[in-house]
Amino acid sequence: MPPLPLSLLSPNQKASVISVSGGRGLVKRLNDMGFGPGAEVMVLNRAMSGPLMVMIRGTRVAIGRGLATKIMVNPE
Amino acid sequence: MNGKKVMALAGNPNVGKSTIFNALTGARQHVGNWPGKTVEQKKGYFEINREKIEVVDLPGTYSLTAYSIEETVARDFIIKDKPDVVIDILDASNIERNLYLTLQILELTDRVVVALNKTDIAEAEGAEIDAEKLSRLLGVPVIPLIATHKSGIDRLVKTALDIAKGEKKTTPLKIAYDRAVEGRIEKIELMLKPLSLEGYPLRWLAIKLLEMDSAAVELVKKAGGKDILIDISGMEPLEGEHDIETVVPATLYDIIGKIVDEAVIYKEKGETLTDRLDRVLTHKYLGLPILFLVYGLIFGITFVLSTPLMELIDTGFNVLRGGAASILSSSGAPAWLNGLIVDGIIAGVGGVMVFLPVIILFFFMFAIVENSGYMARAAFVMDRIMHKMGLHGKTFLPLLLGYGCNVPAIMATRTLENRKDRLIAILINPLIPCGARLGVMTFIVSVFFSGLTATLVMLSLIMISLGLVFLMGVLFRKFVLPGEHPPFLMELPPYQMPGIMDILIHTGERGSIFVKKAGTVIVAVSIVIWYLSNYPGANINSSYAAMLGRTLEPLGSLMGFDWRIMVALIAGFGAKETTITTLGVLYASGGSSAGFIAGITASLTPLVAYTFLLVQMIYVPCLATVAIIKKETGSWKWTGIAVGYTLLLALILGVLVYGIGKLLGWG
């Protein structure tokens with residue numbers, strides 16, 4: 001599967017993070033929360049709109065849809 | 001022994017830090033703010049072998065960057081205040097992400113003991129952690145704990161004390177970055193050596209400078225190291241695809257991966273309770289109805305139970321006033337003293353105490369829901385809707401709570417971590433009419449309107465207030481607190497059984513904050529309002545308040561108000577309920593309620609009544625709310641803005657509605 005933004009990943013599909021884009025603070029914050037390159041991520045819950053619930057490094061995290069478009073992932 | 005030993009508690013949010021803090025200090029704690037910051041600071045004490053130990057609860061953080069005030073506060077405390085030992089609390093069921101902070105703490109100090117909390121939950125979720133191996137890998141002691149059962153606390157305290165007294169030495173793991181980064185770190189370290197840098201570890205500072213950490217840059221600039229900064233920004237970018245902001249965290253997570261591989265055995269992981277609960281509670285369609293049900297329960301229980309208690313307190317204070325008045329007059333005290341004590345002080349204190357049941361009951365319910373882990377889900381579910389209006393998902397609960405009372409509502413904005421989000425939530429909250437204002441509105445509407453018209457009038461007012469909430473939310477976000485819309489990124493902690501001890505302590509804290517801080521201000525201003533309404537003349541008709549009302553009459557006339565309405569609005573600042581009592585005194589001929597209704601309906605047209613309803617709904621929050629805004633924002637400026645904009649908004653809308661109404665021939 002080709003890389004896609006986290007916001008488009010289907011629920012329960014595992015993927016690994018390729019890159020995070022955005023301002024310095026945002027990139028650092030996402031990295032701090034575990035969204036660094038290579039991290040395994042899975043979408044647990046997503047509605048038509050609104051934030052996604054994802055599993056990242058053993059933690060459940062709610063992430064805004066806009067933010068999720070900045071994280072490119074590689075589905076397994 | 002040399003001086004009092006200080007222990008600092010560090011850890012991610014939701015790791016059970018406050019449970020451990022409460023278990024250590026019990027009720028001997030003090031809640032304040034970090035000097036000059038809006039971040040809450042908790043300090044406490046305990047005694048062991050007749051030695052007094054101070055415990056400082058650092059803000060819960062995921063990292064130690066300069067991007068949030070909480071993180072800056074935590075790292076500055078570790079660096080500058082040099083606690084004798086840092087107790088780093090980990091959630092064993094979440095160890096990977098938690099170790100990220102641990103490694104950063106180890107870069108700052110070697111006086112660290114790791115408290116591995118929630119080992120029971122980790123085991124239930126199939127993760128078995130070898131504490132000894134973990135300790136060997138990290139180079140600091142690791143104590144397994146189940147804080148909710150107080151198991152392991154004694155061992156933790158003993159180990160922490162040994163480290164604090166220097167009786168136990170640690171050899172924390174050294175973090176090595178890749179060669180290119182290490183080369184740069186070494187270079188910067190050499191350049192920093194000649195500067196005097198307030199005890200900041202040079203290696204750590206070098207890493208932060210590479211990351212362009214704003215506080216680190218500022219520090220070096222101040223120490224006269226401008227050239228160093230220029231040199232650093234002139235360094236070639238790292239080879240490879242990632243820049244330094246990514247490489248540093250990636251290295252830490254790499255090390256963590258290796259540690260976890262060695263020290264943790266993951267068994268077949270079945271579905272956890274959190275998985276199952278989340279499937280229902282955050283469900284696409286069920287999530288929202290469940291949220292309304294939970295909030296309905298919180299408010300239902302709070303307001304149903306608090307109403308009789310509030311009446312009881314009110315009656316109690318009235319009895320007290322009666323008793324005090326008769327004692328004072330029979331002992332020959334002058335009338336002014338009698339008035340000051342009875343109508344100024346006792347009534348003022350009563351006015352504060354009446355709020356207490358709402359605050360205690362609400363925060364009791366709130367703490368249960370928050371501790372259980374549901375509050376984060378509520379924000380997740382609500383964010384979809386709130387986001388469209390530029391507000392954070394967590395703003396919803398305080399807004400809703402505002403319909404009961406704005407005071408606990410503003411205190412409840414503490415759940416918003418981002419300062420801008422929180423300020424906006426505080427500023428727009430007074431626009432939600434509280435129970436007292438709704439009471440005034442219902443009464444006036446029932447006097448002037450009836451049947452369907454009354455319902456429509458009431459509904460229109462509520463809709464206007466909601467519209468204003470969102471309008472002001474957007475305006476504040478855009479013009480007053482500009483900047484990028486803070487991204488929604490929030491941990492959803494595993495569900496847990498809330499601990500009763502934590503809930504009681506939290507509730508007690510909120511109650512005492514309100515009584516102490518708001519109480520002093522409210523009582524003082526109540527005395528002033530009492531004075532203005534009773535002097536220099538014998539009654540309110542010839543008081544300073546009346547003079548002020550008459551002075552303001554030209555302004556009022558723009559909205560069709562006479563001086564009496566202006567006085568009622570002024571009096572309403574003390575407590576919104578008094579608006580009605582004041583109108584009663586001023587409009588009644590003969591003092592009966594029938595006289596009041598006849599008097600006021602004869603004096604005001606329905607258009608003026610409607611304008612008055614609108615203005616009283618919006619203009620300045622009540623005194624208790626203003627006091628709590630000051631307390632929560634820690635700033636007179638923001639308190640002033642909250643008072644100023646509501647006043648201005650009320651004036652503009654009042655003039656507009658009255659003017660347009662007149663043009664349309666309704667007046």
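**Exercise 1.** How many residues of chain A are in contact with how many residues of chain B?

*Solution.* The model is predicted, so local features need pLDDT of at least 70 and side-chain atom pairs count only at pLDDT 80 or more, while totals for chains, interfaces and linings use all residues. Residues are numbered from 1 along each chain, chains are lettered from A in the order written, and side-chain values use heavy atoms, without hydrogens and water. Taking contact as heavy atoms within 4.5 Å, 31 residues of chain A touch 34 residues of chain B.

**Exercise 2.** State the area buried between the two chains, and the three residues of chain A that supply most.

*Solution.* Buried area is the accessible area (1.4 Å probe) that two parts lose on being put together, summed over both. Between chain A and chain B the value is about 3100 Å², with 60% from carbon and sulfur atoms. Of the area that chain A buries against chain B, 23% comes from Lys28(A), Arg57(A) and Arg60(A), more than from any other three residues.

**Exercise 3.** Find the salt bridges across the interface, and describe that of Lys28(A).

*Solution.* The rule asks for a side-chain nitrogen of Lys or Arg within 4 Å of a carboxyl oxygen of Asp or Glu. Five salt bridges result between chain A and chain B. In one of them Lys28(A) is joined to Glu211(B), with the closest N and O atoms 3.6 Å apart.

**Exercise 4.** Which strand of chain B pairs with E5(A), and in which sense?

*Solution.* Strands are DSSP runs of at least two residues, numbered from the N terminus, and two of them pair if DSSP finds at least two bridges between them. E5(A) pairs with E10(B), residues 489-491, in the antiparallel sense over three bridges. Opposite Val61(A) stands Glu491(B).

Definitions and conventions:
Helices (H or I, at least four residues) and strands (E, at least two) are DSSP runs, numbered from the N terminus.
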